[in-house]
Amino acid sequence: MTEPIELTAALSTFDQLWSPRIVTQVNDYDVRVAKVAGEHVWHAHDDTDEFFLVLDGELTIALREQSGERSVVLPKGAVFVVPRGTEHKPFSKDGASLLLFEPTGTLSVGDRHDELPGHVDATTGHALSG
Ligand code: NI
């Protein structure tokens, strides 16, 4: 049975940073939410684009593109798609809540990544509990 999901309530069920929760699925895609603060890790998804929507706070995404490195700043309400194969590193100085849309099974740290810091969860998304 499908019921509406209130994202604020979903976000209130966990505190772990950089550890996405799967709130629902659309065909073969997950809709995930995550709380983030500080730096993630440089990584790339070789086979899929990755969609970001900032629900609260502000997110910066550093990108390594053919023309060089740049950063995009996403305020609350902004969306951005990291193209497949593009190395990226999300960062939030003061913390942010995100909605991610990506194929089920997509690893949060990509198919290749720098050495994982201890605060970064390598996951294909956790179930929402409670
Ligand atoms: Ni990514």
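In this predicted model, a good place to begin is with two histidines, H43 and H45, both of which are buried, a word that here stands for a relative accessible area under 20%.

These two residues lead directly to the metal site, because H43 and H45 each offer their NE2 atom to the nickel ion, while E50 contributes through OE and H88 through NE2, with the coordinating distances running from 2.0 to 2.2 Å. If you follow the donor residues along the sequence, you will find them spaced as H-x1-H-x4-E-x37-H. The arrangement of the 4 donor atoms around the nickel ion is irregular, because the angles that they subtend run from 84 to 170°; to count as tetrahedral, four donors would need all of their angles to lie between 85 and 135 degrees.

From the metal we can turn to the empty space inside the protein. The structure holds 1 cavity of 30 Å³ or more, and the space in the largest cavity comes to about 140 Å³. Its lining is made up of 16 residues, and those lying nearest the centre of the cavity are W18, P20, H40, L100 and S108. Two or more lining residues come from each of the elements β2 (29–39), β4 (50–57) and β8 (87–103), and among the contributors to this lining β8 gives the most, with 5 residues.

It is also worth looking at the chemical character of the residues that surround this space. When the lining of the largest cavity is sorted by class, 8 of its residues are nonpolar, 5 are polar and 3 are charged.

Conventions: Residues numbered from 1 in each chain as written. Predicted model: local features only at pLDDT ≥ 70, side-chain atom pairs only at ≥ 80, totals over all residues. Heavy atoms only, no water. Donors = N, O, S within 2.8 Å, 3.2 Å for Na, K, Ca; no water. Tetrahedral: all angles 85-135°; square planar, octahedral: opposite > 155°, others 65-115°. Buried < 20%, exposed > 50% of the residue type's maximum accessible area, 1.4 Å probe, protein only. 1 Å grid on protein atoms, 1.4 Å probe; cavity = no way out; pocket = protein on both sides within 12 Å on 5 of 7 lines; lining within 4 Å. Points joined across faces, edges and corners; volume = space filled by probe spheres on them. Helix = DSSP H or I, 4+ residues; strand = E, 2+ residues; numbered from the N terminus. Nonpolar A, V, L, I, M, F, W, Y, C, P; charged D, E, K, R; others polar.
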